[in-house]
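Please open the model in your viewer and keep the selection tool at hand. The tour below moves from one selection to the next and says what is to be found at each stop.

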Amino acid sequence: MDHFLYRDGALFAEDVPVAEIAAKVGTPCYIYSAATLLRHYKLFDDALDGMDHLVCYAMKAASNQAILKLLGDAGAGMDVVSGGEYRRAKAAGVSADRIVFSGVGKTAEEIHTALTGGIRQFNVESEPEMHVISRVAQSLDVVAPITIRVNPDVDAKTHAKIATGKSENKFGIPISRAKEVYALAASLPNLKIVGIDVHIGSQLTDLEPFRLAYQKVAELTNDLRADGHEITRLDLGGGLGIPYTRSNEAPPLPTEYGAMVKETLGHLGCEIEIEPGRLIAGNAGIMLTKVIYVKEGEDRKFLILDGAMNDLIRPAMYEAHHDIVPVVEPAAGVEQMPYDIVGPVCESGDTFAKGRDLPEMAADDLVAFRSAGAYGAVMASEYNTRPLIPEVLVQGDQFAVVRPRPTFDEIVNRDTIPEWL
Ligand code: LLP
């Protein structure tokens, strides 16, 4: 459930008509609902009730500091994957002992940043990386807490670009070599093994791949303990999928996920960490756009919006579906017609949807993309020198611009022309 609903024929974000935001902030823009973000965080927190746990929001999904502060204040930790994300999390007031550092290629500089600022743990992805963490920790005379990310070789049954748990993927170390790599970790200076990490992919709509992976982690926990390692923490990654269409999709709920975690891992007495991103932010955000033109093609109508692939890349990149709805609620029984919904960027790939039924649309009508809160604003670019679009946070009847639209001067003046030209 989210808080983007029609009221008296108009789309609202919580208690604010989105048309009012469009009038004040302009389009395109992203709008997030604080109540939805908090609700989704709490669903996970409650689902793991009874187990020692920490929900570390995978901030790559939506990393605006207003979102981080909201979730951090509610008790969330953060999963970061770069020195930049680490700095953002700290700037938003998240305490270092609730920040875990994931990512397949942490640089010595990023490791240094996290070790000096404080970190809950590094999720180590390879032996060379482990050596660097050990070396940097030694140079700072501190101990780096680590888990090792294992690749359990399970099929997450999701889009190939977001599956990470098969042996052909670049992530983690093969679970078959885990004992050997843990032995190496135990032998290196200034490292403290705290647990095991696993993440098998994103937008999973079935619990079985998780269950298979977690069963392997349970076995590994016993094996590593038998080898004398102290395994007190299990980081289970993120990946639980969300419904992108209102109609027929029903991915497992966080409660079902939590029950499965207890069933597979509860007996081990470990602290559980999870790293959900999409489920917290996805349906907590919309992208609001305006129709520039309705264009009659030879055999179809094109709805040309002011939002484009640079603002929301998911349809172009993953063939992703987003529900696209008019801000003025269509009257019951009104005639609908198919539109190809596109942006103004000079590529055929700048197509959000084909043959999507909408009531008759006209220039200046507002149109919202649902489920755009995760991997929306964060993946945007300035392709075609289109400014990054603003982000707005709504809470109840108030809203604030939490990232303004840059001016063209700001964009153009960033380039410098060398004096020898
Ligand atoms: N933990 C790790 C180590 C990850 O790599 C990811 C996502 C997550 C947690 C969070 O997964 P989530 O709960 O959000 O599924 N840009 C793509 C999604 C990429 C996901 C990358 N890793 C998209 O728009 O679908």
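Is R149 buried or exposed? Select R149, which is found in strand 9, in what is a predicted model. With a relative accessible area of 7%, R149 is buried, because the cut-off for that class is under 20%. Now add T164 to the selection and display both side chains, since a polar contact of 3.5 Å joins the side chains of R149 and T164.

From strand 9 (144-151), follow the chain into the loop that leads to strand 10 (173-174), and select D153, which lies in that loop. If you query the backbone torsions there, D153 shows a positive phi of about 55°, although D153 is not a glycine. At 36% relative accessibility, D153 counts as partly exposed.

A second residue with a backbone of this kind can be selected at S371, where phi is positive at about 55° although S371 is not a glycine. The place of S371 is in the loop between strand 19 (366-369) and strand 20 (391-395). Is S371 buried or exposed? S371 counts as buried, because its relative accessibility is 2%.

Next, go to the peptide bond between T27 and P28, which is cis, with omega at about -10°. P28 has its place in the loop between helix 1 (18-25) and strand 4 (29-33).

Then turn to the ligand, and display the residues around it. Which residues come nearest to the ligand? Of the 18 residues around the ligand, those that come nearest are S202, E275, R278, R314 and Y375. By class, this shell has 6 nonpolar, 6 polar and 6 charged residues. If you compute pockets on the protein, the space taken by the ligand is the largest pocket.

Three distances around the ligand can be drawn one after another. For E275, draw the line from an N or O atom in the side chain to a nitrogen atom of the ligand, a separation of 2.6 Å. For G239, take a backbone N or O atom, which lies 2.8 Å from an oxygen atom of the ligand. For K60, take a polar side-chain atom, which lies 3.3 Å from an oxygen atom of the ligand. The ligand taken alone exposes 590 Å², and the protein buries 91% of that.

Leaving the ligand, select H199, which is found in the loop between strand 11 (191-197) and helix 8 (208-226). H199 counts as buried because its relative accessibility is 19%, and the class requires a value under 20%. With G201 shown as well, you can trace the side chain of H199 to the backbone oxygen of G201, which it reaches at 3.5 Å.

The last stop is E319, in the loop between helix 11 (314-318) and strand 16 (324-326). Is E319 buried or exposed? E319 is exposed, because its relative accessible area is 61% and the class begins over 50%. Finally, add F352 and draw a line between the two C-alpha atoms: E319 and F352 are 33 residues apart along the chain, and their C-alpha atoms are separated by 8.7 Å.

Terms used: Residues numbered from 1 in each chain as written. Predicted model: local features only at pLDDT ≥ 70, side-chain atom pairs only at ≥ 80, totals over all residues. Heavy atoms only, no water. Helix = DSSP H or I, 4+ residues; strand = E, 2+ residues; numbered from the N terminus. Buried < 20%, exposed > 50% of the residue type's maximum accessible area, 1.4 Å probe, protein only. Near = heavy atom within 4 Å. Polar contact = N/O pair within 3.5 Å; in protein donor to acceptor, adjacent residues only side chain to side chain. Areas by Shrake-Rupley, 256 points an atom, 1.4 Å probe, with all protein chains shown as cover. 1 Å grid on protein atoms, 1.4 Å probe; cavity = no way out; pocket = protein on both sides within 12 Å on 5 of 7 lines; lining within 4 Å. Sits in = over half its atoms within 2 Å of the grid points. Nonpolar A, V, L, I, M, F, W, Y, C, P; charged D, E, K, R; others polar.
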